[in-house]
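Open the model in your viewer and switch to a cartoon view. We will go from stop to stop, selecting one piece at a time.

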Amino acid sequence: MPDYHDDLRLAHVLADAADAATMDRFKALDLKVETKPDMTPVSEADKAAEELIRSSLQRARPRDAILGEEYGIEGTGPRRWVIDPIDGTKNYVRGVPVWATLISLMEAREGGYQPVVGVVSAPALGRRWWAAKGGGAYTGRSLTSASRLKVSQVSRMQDASFAYSSLTGWEEQGRLDGFMDLTRAVWRTRGYGDFWPYMMVAEGSVDICAEPELSLWDMAATAIVVSEAGGTFTGLDGTPGPHSGNAAASNGLLHDELLGYLNQRY
């Protein structure tokens, strides 16, 4: 098993720098916000954080490729850093503290690139989560001050807590009926959104979560944290990993049933 400790340490350093940059502009009255072609917002802080991470990676890992939400792909090779400078930009620009920088290292494997390191840093919440392939998943203030993550053992859907982002995407994909059936079947539902439901699945405070439309940079870091915490992370079609354009995550015990509802097999 390769040792990813140095890569994980670097990812923490990158997250520290991004946290400082994003927090400096959080709730700033003069924050500049633009609308991208896909009609989603991007702030000057998104761009600055990604530029900061890219420049640091170019110095520290010049042979590695970089894929980021704001500036696309740069470089080639078997190792690729995947960055979402601010996951939850809509929250960020409105002053809601639920947003995070997502940093992942992916390596070329059979079946495509797979995440081997992931850091999810949410400075406005004072939280950070991370994982490395084969090394487990953790949360805490630093590598040396952390507690290990473990998914829940809830095994019945009627006892499960289900987190999601919104209703709109499910309706657009024709999956709304299955989604609504799932909300009726579970014990509790909450619309936390973005990275946070996946981290709560990893922590064991939420049992299942799903989103109908996502990009790779939304999922690469969260996927390995969930998996290393003992959970299951797939697309809605059941394909393992973060490549399906959508996501379903669970404690593993409820995964088949979760997919069954969202694909309207129940």
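Begin with helix α6. Six of its eight residues are buried, leaving this helix mostly covered. Keep in mind that this is a predicted model. Which residues of α6 are buried? Show the side chains of P197, Y198, M199, M200, V201 and A202. Now step just past the end of α6 to G204, where phi is positive, at about 90°.

**Next stop: the neighbouring helix**

Keep α6 (residues 196–203) on screen and add helix α7 (residues 216–228). Two packed helices are described by an angle and a distance, both taken between their axes. Here the angle is about 15° and the axes lie 8 Å apart. Angles under 35 degrees count as roughly parallel, so α6 and α7 are roughly parallel to each other. The crossing of α6 past α7 is left-handed. Which residues make the contact? On α6, select Y198, M199, V201 and A202. On α7, select T222, V225 and V226. Colour this contact by class: six residues are nonpolar, one is polar and none is charged.

**Next stop: the sheet**

Stay with α6 a moment longer. α6 also lies across β7, β8 and β9 (136–142), at about 65° to β8. These strands lead us into the sheet. How many strands form this open sheet? Eight do, and you can trace them in the order β4-β3-β5-β6-β7-β8-β9-β10. The pairing is mixed. Look at the edges, where β4 (72–74) and β10 (145–148) stand. Each has a single partner strand, so one side of each has no neighbour in the sheet. From one strand to the next, the twist averages 20°.

Zoom in on β7 (residues 112–122) and β8 (residues 127–132). They pair in the antiparallel sense over six bridges. Pick S121 and you will find R128 of β8 opposite.

Now add helix α1 (residues 5–25). α1 lies across β5 (79–87), β6 (100–109), β7 and β8, and runs at about 45° to β7.

**Last stop: an enclosed helix**

Select helix α8 (residues 255–262). Is α8 largely enclosed or largely open? Six of its eight residues are buried, so α8 is largely enclosed by the rest of the structure. Show H255, L258, L259, G260, Y261 and L262, the buried ones. What do they pack against? Add α4 (168–172), α5 (176–185), β13 (208–211), β14 (232–234) and β15 (247–250) to see their partners. Finish at Q264, which follows α8 and has a positive phi near 55°.

Methods: Residues numbered from 1 in each chain as written. Predicted model: local features only at pLDDT ≥ 70, side-chain atom pairs only at ≥ 80, totals over all residues. Heavy atoms only, no water. Axes fitted to C-alpha atoms, helices over the stretch in contact; angles between N-to-C directions. Helix = DSSP H or I, 4+ residues; strand = E, 2+ residues; numbered from the N terminus. Parallel < 35°, antiparallel > 145°, perpendicular 65-115°, else oblique. Left-handed = near helix turned anticlockwise from the far one by under 90°. Contact = heavy atoms within 4.5 Å. Nonpolar A, V, L, I, M, F, W, Y, C, P; charged D, E, K, R; others polar. Pairing = 2+ DSSP bridges. Buried < 20%, exposed > 50% of the residue type's maximum accessible area, 1.4 Å probe, protein only.
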